[in-house]
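This report goes through a protein structure for a reader who has not met it before. The sequence and the structure come first, and the text follows them.

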Amino acid sequence: MKIDRRYFLSLGIGAAAGTALSPLPWKSMDDSSIWSQNWPWTPVPPDGEATYENSTCTLCPGGCGITVRKIDDRVIKIEGRKGHPVNDGGICSLGLSGAQLLYSPTRLNGPMIKVNGSFQKISWDEAISKIAEKLTDLRLQGKSHTVAAITGSPRGTVPNLFKRFLDVYGSPNFLYPSSFEDSYSHLAKKTHGQKALPGFDFENADYILSFGAGIIEGWGSPVRMFRANSNWKSRHIKLVQVEPRLSNTAAKSDKWLPIKPGTEAVLALGIAYVILRESLFDQGFINNRTDEFSAWREGVLETYHPARVAGITGIEQETINTIGREFARAKKPIALCGRGEGRTSEGIGEIAAIQALNALVGSIGIRGGAFAVPEPDYIKWPEFALDETAADGLNQKRIDGAGSNQYPDTDSLLHRLPRAILSGKGEPVNAILIANANPCYTLPDTQTVIKALKKIPFKVSFSTYMDETAALSDLILPNHSYLERYEDVPVTWSLAKSLIGLTIPVVSPQLNTKNTGDVIISIAKAMKGSISDAFPWKNYTDCLKTTLGKYWNPLQNNGYMKISNYNPPEKMTKFVFQVPDKTFPVDPEGDEKVLPLILIPNDSMRLSAGSTGSPPFLMKTVSDTVLKDNDTLVQVNPNTAKKYGLKDGGYALLKTPRGFKKVKIYLSQGIGEGVISFPRGLGHTAYDKYLADKGVNFNELIGPVEDPASGLDVAWGIRASLTKV
Amino acid sequence: MSTEDENIKEVEAVEPAEDESSRLKSENPGNGIAGMTVLFFTIGFAASLIVGWIVFPNLLYSKKEQPIDFNHVMHMEEVDDGCESCHFFREDGTYSGVPKLDQCIDCHEEIQGDSRDEAVFVEEYISKGKEVPWLIYSKQPDCVFFSHSAHVRLAKMDCVTCHGPIGESTTLKTYEYNRITGYSRDIWGRNPENMLGLKKNTWDRMKMNDCAECHMEETGRKSSVSTHKDGCFVCHK
């Protein structure tokens, strides 16, 4: 039999028919489609029993209580803690993304030393003895005062361990970044005779006059402000937002006053003028609890007629009259300031003008008003002995001029450090310790900061991540993440009742890191003598337990503890009017002829602009009117754009006295003519591919402008130009 | 079988036009050729059915043995609360699934009896505090959300309805998983006909259509009973 083509054909057809009637094609198709959906990069939480741990968020100064859901030793989700006095169950997008920071691949694993420009791993013992040797050397050479430390905040046990270390070592140079809190604190010194932090009882207020405070953009404790804002909406309480740009807060306010940037305090005094002229002020409060009223009144009535104020601020005279009347007639009005998130300071004159409105209507020290909240004082450590070297070192002048005759009430002027390093003879700073701060990203005039830091021969970073400052350091001693360590968190940030929160180790340390508190104690112990003696604690946990004493157990069980209440001492409810001087409005840096525009920053809940870099989840929320591909979009009024020939979506060169950057143009009616803006929090050069090289860092384009009264950096904007490219 | 008939006709119809010269040469054209054609067709048909129904399923699935064996019957005799004694609901309503060492350790701190698996269990896992890496027959893909609580507690369904009479087994069957998808064979069905959606028992297959089928039968709708929501995101989160 000859097998020819036809038989093959029939064999093939038979096979095709049989295959079609078997599961093979159908099952293969089904499986292939399932296989194509097997995405190994999709994170899948482990299965198991969920447990919950209460702790405190430290990603911003807000101090929210968090409840962390875990399965075994793995953090699955971070939620707002119900019943917590700050956030009562709420959480922001940054807090929610905390698990990504804990498990971030850019976390530093173990101490590292820079050798010939690249990092090499070393052991903790080696790292600690290297620092101890270096610092001992400098001390022996009589250069103890050339050692400085920067911490993220001056409050809490860890910053205070740094301060104590510098004291006993012999250096006055303890620095930290300043904020709106420092301006209020200065004012408190003038009006209450002691430094105090601003507190506002927003929950019970019935009229809010905000001079640029980003109520829902991260000002104060963000989740608390969100809740307060919702509460005002449901109670039909009026929010008046004074701001040059249509921010989310302005858009959601009952009245937006689009003011010329930088003239907020002038408007406040114009409003005060209306209240004075129409005798709408609280006579009882003025008589009993204030000083210098007549002189101040005279000053205001002389200079701040609403017609003149209207000319300066761009707000119509009639509006000024209306706001003045509304504010004075409200039962519990509050006036507040601190632009955007409030991370930059304001001039003392400016803040005094705005706080004077609260005094005029008697909204100081009462329910629903403004409070002067005393600094938390639970840290009472034993006195320590200074040896001769330390005493000599401490007598030296601070490198930043804070506390000098010129600025006796200022504790820290971090923005001055770079200039002092660059202009000083020799090596004004020989070693620097930087913890919980990222000055190479957050300080104004960032390029100068980086240049200055490079000049310091020995830089130690305690960062958990490879941030800009860590990348520049000579030695990195990575701290535990906030979910892996014990630490006290004093929460002051505009709360009327400030409190102490506690972070607890929610999970065991994931990497070879150490609590910075422990590292400082270890360094002190390694240096022996009086330095070691000043640190009598076995370790940081021992230090924390001893410091908190009887509060340790309640704090550990409860997670927070209130440290102030509504009954402030009498002197804290008084106000001394500050006769308005010529310190404001503060002019922005730059020549108007060459740089005709004004660039102002804006803050957003979708970006973390502080020392914590935005986690990937947060970056995903940034809209394409802010960041498109890797380009920053600058918000420009269409009329401004027309004048300079700029097109929506087109490229332009943004120039300020501090530098220039290529940006894209975003046309928007939400900003006044001649003013341009883009958010802080972009343009990182370090961290990971989700954050690095995306957009422009605002801080690179702005420089500090000092308040004559306090020396604080009060730059609210800078002159700029946009040129089509 | 219509396909088969059509194919035959087609072959016959094509044949004369295709090879006329060979037909003329042939002594006995017609029957012999037709018979051979049918024969070859049948061979192809039968071979592919064997490949599709027997060889393919065997090739598709890979086999793995459980780390140690387990006797459900013996344990059922020891407990009071049936399946839920070990496969229990947690206080928050979540389902514990396969027991962890914590539940076994009370009885199995010391070796019980003389089985080899028991010795391995105590020595390799209990005393080292290492969880047994059980292979889970009923593990659904990660994208499937399923609440045991809603089905067992609210709808009062039996474990057997979906899991079969596993409580009556004295030994653990071999775990088989799909080489393409990586998922357990029990989801798609152990028998080849299950692959085509045919099944004898409710627990034979646990694919999406089986969920929908039961929902339709029991509630008259495919949507979630508790939320009344319909669509992909009820189960696929």
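How many residues are in chain B, and what percentage of them is buried? Chain B has 237 residues, and buried residues make up 25% of them. The model is a predicted one, and the values below are computed from it.

**Chain B in outline**

Ten helices and two strands form the secondary structure of chain B. Read from the N terminus, the order of these elements is α-α-α-β-α-α-α-α-α-β-α-α. Among the contacts in chain B with a separation of 6 or more, 57% join residues 24 or more positions apart. The accessible surface of chain B is about 15,500 Å², and carbon and sulfur atoms hold 56% of that area.

**Surface patches**

One nonpolar patch on the surface covers about 430 Å² and consists of B:Ile50, B:Val51, B:Ile54, B:Val55 and B:Leu59. Of these residues, B:Leu59 sits in helix α3 of chain B, which spans residues 31–60. With a relative accessible area of 57%, B:Leu59 is exposed, because exposed means over 50%.

A patch of negative charge draws on both chains: A:Glu49 joins B:Glu91, B:Asp92, B:Asp102, B:Asp106, B:Glu109, B:Glu110 and B:Glu131. Within this group, B:Asp102 belongs to helix α5 of chain B, residues 101–108. B:Asp102 is exposed, its relative accessible area being 63%.

A patch of positive charge is also present on the surface, made by A:Arg235, A:Arg367, A:Lys497 and A:Lys562. A:Arg235 is placed in the loop that links α8 (222–234) to β10 (238–242) in chain A. The relative accessibility of A:Arg235 is 37%, so this residue counts as partly exposed.

**Salt bridges**

Over all chains, the whole structure contains 40 salt bridges. Three of them are set out here.

| Residue pair | Closest N to O distance |
|---|---|
| A:Arg155 and A:Glu375 | 2.8 Å |
| A:Arg416 and A:Glu706 | 2.6 Å |
| B:Glu176 and B:Arg185 | 2.6 Å |

What does the salt bridge between A:Arg155 and A:Glu375 tie together? A:Arg155 lies in the loop between β6 (147–151) and α6 (157–169) of chain A, and A:Glu375 in the loop between β14 and α16 (388–395), so the pair ties together parts 220 residues apart in sequence. A:Arg155 is buried, at 15% relative accessible area, whereas A:Glu375 is partly exposed, at 31%.

The salt bridge of A:Arg416 with A:Glu706 also links two loops of chain A: A:Arg416 is in the one between α16 and α17 (417–423) and A:Glu706 in the one between β28 and β29, so parts 290 residues apart in sequence are tied together. A:Arg416 is partly exposed, with a relative accessible area of 21%. A:Glu706 also counts as partly exposed, at 31% relative accessibility.

In chain B, B:Glu176 and B:Arg185 are both buried. Salt bridges with shared partners connect B:Lys173, B:Glu176, B:Arg185, B:Asp186 and B:Arg190 in one network.

**Two residues of chain A and their contacts**

A:Ala372 is part of strand β14 of chain A, residues 370–374. Is A:Ala372 buried or exposed? At 10% relative accessibility, A:Ala372 counts as buried, because buried means under 20%. Leaving out residues up to four places away in sequence, A:Ala372 touches A:His192, A:Ala196, A:Leu197 and A:Met572.

A:Pro708 is in the loop between β28 (675–679) and β29 (718–724) of chain A. A:Pro708 counts as exposed, at 51% relative accessibility. Apart from neighbours within four places in sequence, A:Pro708 is in contact with A:Tyr407 and A:Thr583.

**Backbone details in chain A**

The peptide bond between A:Phe584 and A:Pro585 is cis, with omega about 0 degrees. A:Pro585 falls in the loop between β22 (575–576) and β23 (597–602).

A:Asp88 is not a glycine, yet its phi is positive, at about 35 degrees. The loop between β3 (74–80) and α3 (93–96) of chain A holds A:Asp88, and this residue is partly exposed, with a relative accessible area of 37%. A:Ser279, another residue other than glycine, has a positive phi near 50 degrees. Its place is the loop between α10 (264–277) and α11 (283–289) of chain A.

Key:
Residues are numbered from 1 along each chain as its sequence is written. Chains are lettered from A and ligands numbered from 1 in the order in which they are written. This is a predicted model: local features need pLDDT of at least 70, side-chain atom pairs count only at pLDDT 80 or more; totals for chains, interfaces and linings use all residues. Side-chain values use heavy atoms; hydrogens and water are left out. Patches are made of residues with over 30% relative accessible area and no salt bridge: like charges are joined within 9 Å, nonpolar side chains (Val, Leu, Ile, Met, Phe, Trp, Tyr) within 5 Å. Accessible areas come from the Shrake-Rupley method with a 1.4 Å probe; for residues, only the protein chains shown count as cover. A salt bridge is a side-chain nitrogen of Lys or Arg within 4 Å of a carboxyl oxygen of Asp or Glu. Lys and Arg count as positive and Asp and Glu as negative; His and the chain ends are not counted. The place of a charge is taken as NZ of Lys, CZ of Arg, CG of Asp or CD of Glu. Helices (H or I, at least four residues) and strands (E, at least two) are DSSP runs, numbered from the N terminus. Buried means under 20% relative accessible area, exposed over 50%, partly exposed in between (1.4 Å probe, protein chains only). Contact means heavy atoms within 4.5 Å.
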